[in-house]
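Me: I'm new to this structure and would like a close look at one part of it, the aromatic rings. Could you start there and then walk me outward to the rest?

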Amino acid sequence: MSEANFEWDEAKNLENLEKHGVSFYEAQHAFLDPNRLIAEDLAHSQEEKRYFCIGRDESREGILTVRFTYRSNHIRIFGAGYWRKGKKVYEQANSVH
């Protein structure tokens, strides 16, 4: 996978890997899911808009939630993990009725 469109702070990546067991390199996989969900992080009150990408990571067969923003035509990743809330939202949005 190309890292050309993604960027992150390496110290934050290492912190996330230790805390949540997911590297930002792995987090890119969520963006490849054709059923991924993108939602604005409304709880974030800074001037820069932040978002969540919730998508399936085929390499681990799990649902990843990735916090990110857009900067200079790049997706800047701030955090990622396999969180229950993201999984629930993903499954509800992609359920077949």
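**Rings and their surroundings**

Reply: Let's start with a charge and a ring: R50 sits over the face of F78, 3.8 Å from the ring centre. Keep in mind that this is a predicted model, so everything here is read from predicted coordinates.

Now for rings that meet other rings. Searching the whole structure turns up six aromatic pairs. One of them is F68 with Y70: the ring centres are 5.4 Å apart and the planes stand at 90°, so this pair is edge-to-face. In general, two numbers describe such a pair, the distance of the centres and the angle of the planes. F68 and Y70 also belong to a cluster, in which ring pairs link them with F6, F31 and Y51.

The two partners of that edge-to-face pair make a nice contrast. F68 has 0% relative accessibility, so F68 counts as buried. Y70 has a relative accessible area of 48%, which makes Y70 partly exposed; to be called exposed, a residue has to be over 50%. If you want to find Y70 on the chain, look in strand 4. Y70 also has E48 to look at: the two are 22 residues apart in sequence, and their C-alpha atoms are 8.7 Å apart in space.

Follow strand 4, which covers residues 62–71, and you come to the loop that leads to strand 5, residues 74–81. S72 lies in this loop, and so does N73. Both have something to show in their backbone angles. S72 has a positive phi of about 50° although S72 is not a glycine, and N73, again not a glycine, has a positive phi of about 65°. As for the surface, S72 is exposed because its relative accessibility is 69%. N73 is exposed too, with a relative accessibility of 78%.

Let's step back to the whole chain. You'll find three helices and five strands, and from the N terminus on they run β-α-α-β-β-β-β-α. The radius of gyration is 13 Å, close to the 13 Å that the globule rule gives for 97 residues, so the chain is as compact as a globular protein of that length. Along the principal axes, the C-alpha atoms fill a box of roughly 40 × 30 × 25 Å. Of the 97 residues, 38% are buried.

With that order in mind, you can pick out a few spots along the chain. Helix 1 spans residues 10–20, and N16 is part of it. N16 has a relative accessible area of 7%, so N16 is buried. N16 and G79 are 63 residues apart along the chain, yet 6.4 Å separates their C-alpha atoms.

Next comes helix 2, residues 24–27, where you'll see A27. A27 is buried, because its relative accessibility is 0%. From A27 to L37 you count 10 residues in sequence and 14 Å in space, C-alpha to C-alpha.

Between helix 2 and strand 2 there is a loop, and R36 has its place there. R36 is partly exposed, given a relative accessible area of 36%. Its C-alpha atom lies 6.6 Å from that of C53, with the two positions 17 residues apart in sequence numbering.

L37 brings us to the last stop, the largest pocket, where L37 is among the lining residues. As a general idea, rolling a probe the size of a water molecule over the atoms shows where empty space is left. The largest pocket holds about 170 Å³ of space. Along with L37, its lining consists of A39, F52, I54, T65, W83, K85, G86 and V89.

Which elements do these residues come from? Strand 2 (37–40), strand 3 (51–57) and helix 3 (84–93) each supply at least two of them. Helix 3 gives the most, with three residues. By character, the lining divides into six nonpolar residues, two polar and one charged.

So for a second look at the model, try going back to where we began: find R50 over the face of F78, then the cluster that links F6, F31, Y51, F68 and Y70, and finish at the pocket with its share from helix 3.

Methods:
Residues numbered from 1 in each chain as written. Predicted model: local features only at pLDDT ≥ 70, side-chain atom pairs only at ≥ 80, totals over all residues. Heavy atoms only, no water. 1 Å grid on protein atoms, 1.4 Å probe; cavity = no way out; pocket = protein on both sides within 12 Å on 5 of 7 lines; lining within 4 Å. Points joined across faces, edges and corners; volume = space filled by probe spheres on them. Helix = DSSP H or I, 4+ residues; strand = E, 2+ residues; numbered from the N terminus. Nonpolar A, V, L, I, M, F, W, Y, C, P; charged D, E, K, R; others polar. Phe/Tyr/Trp six-rings, centres within 6.5 Å; stacked < 30°, edge-to-face > 60°. Buried < 20%, exposed > 50% of the residue type's maximum accessible area, 1.4 Å probe, protein only. Lys NZ or Arg CZ within 6 Å of the ring centre and 35° of its normal. Rg over C-alpha atoms; globule rule 2.2 N^0.38 Å.
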